[in-house]
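Open the model in your viewer and keep the sequence panel beside it. The tour goes from selection to selection, with a short note at each stop.

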Amino acid sequence: MKKWNIGAAAVFFAISAFVFVSTAEYAHPIGANTIGQDPGSAIWPRCLAVLLAVLSIGMVIEGFVSKAYRDNNEAPINLKAPEMKGIYWMLLIFAVYCVVLHFGGFILASVIFIPSVMWVLGERKWLRAILVGVIATAAVYALFKFGLRVRLPQGILFK
């Protein structure tokens, strides 16, 4: 697992560096006269990028320091193990969510996504899963639409 953790940390660090650099063109006032003003649109992505970089560095340090990783008795990841089936289902569900989000919008994609994830995680009562999906989607939609005044994706089929 040491190699996997270090590799994943390198990928996450690269993503954080990309986000930090790509947000340089966003508006972010800096200076003594900007106290109390809007920090700009770059502040939140940059804070997340710094947090991701710090956590990535922590993963690398843990990979080298932890006694569990120093032992050579680590089992390789078996990609054909039955336990991996849930991971593959989740990857498929996320891919379908992205496609449906693009074409059908947030509401349709989320109403399909949430019950599907609940099924993979072990919920076998479909009515409960569908109700949770509809209620959670409505709550998130209301929060973004009315609370934050942010439009969520409508999808190209509903424009």
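Start by selecting C47. C47 is partly exposed, at 40% relative accessibility. Here buried means under 20% relative accessible area, exposed means over 50%, and partly exposed lies in between, with a 1.4 Å probe and protein chains only. Now add C98. C98 is also partly exposed, with 49% relative accessibility. How many disulfides does the protein have? The count is zero, where a disulfide is a pair of cysteine sulfur atoms within 2.5 Å. A disulfide is a covalent bond between the sulfur atoms of two cysteines.

A word on the model before the next stop. This is a predicted model, in which local features need pLDDT of at least 70 and side-chain atom pairs count only at pLDDT 80 or more, while totals for chains, interfaces and linings use all residues. Residues are numbered from 1 along each chain as its sequence is written, and side-chain values use heavy atoms, with hydrogens and water left out.

Zoom out and colour by secondary structure. Five helices and zero strands appear. Along the sequence the pattern reads α-α-α-α-α. Helices (H or I, at least four residues) and strands (E, at least two) are DSSP runs, numbered from the N terminus.

Select residues 43-65. This is helix α2, with 23 residues. From its first C-alpha to its last, α2 reaches 33 Å, close to the 33 Å expected at 1.5 Å a residue. The expected span is 1.5 Å times one less than the number of residues.

Stay on α2 and show its side chains. Which residues of α2 are buried? R46, A49, A53, S56 and G63 are. Pick R46 and add F20. The charged end of R46 sits over the ring of F20, 4.1 Å from the ring centre. The rule asks for NZ of Lys or CZ of Arg within 6 Å of the ring centre and within 35 degrees of the ring normal.

Next, select V50, also in helix α2. V50 is partly exposed, with a relative accessible area of 44%. Add A17. V50 and A17 are 33 residues apart along the chain, and their C-alpha atoms are separated by 8.3 Å.

Now show the aromatic rings. The protein has three aromatic pairs. Rings of Phe, Tyr and Trp (its six-membered ring) pair if their centres lie within 6.5 Å; planes under 30 degrees apart count as stacked, over 60 as edge-to-face and the rest as tilted. Select F94 and F113. Their ring centres are 5.2 Å apart and their planes stand at 50 degrees, so the pair is tilted. Swap F94 for Y97. Y97 and F113 also make a tilted pair, 4.6 Å centre to centre with 45 degrees between the planes. Show F94, Y97 and F113 together: they form one aromatic cluster. Within this cluster, F94 is partly exposed at 41% relative accessible area, while F113 is buried at 17%. Y97 is buried too.

Move to G122, in the loop between α4 (85-120) and α5 (126-147). G122 is partly exposed, with a relative accessible area of 43%. Add G86. The two are 36 residues apart in sequence and 9.9 Å apart in space, C-alpha to C-alpha.

Finish with the whole protein and its surface. Buried residues make up 22% of the 159 residues. The accessible surface comes to about 11,900 Å², and 72% of it belongs to carbon and sulfur atoms. These areas come from the Shrake-Rupley method with a 1.4 Å probe; for residues, only the protein chains shown count as cover.
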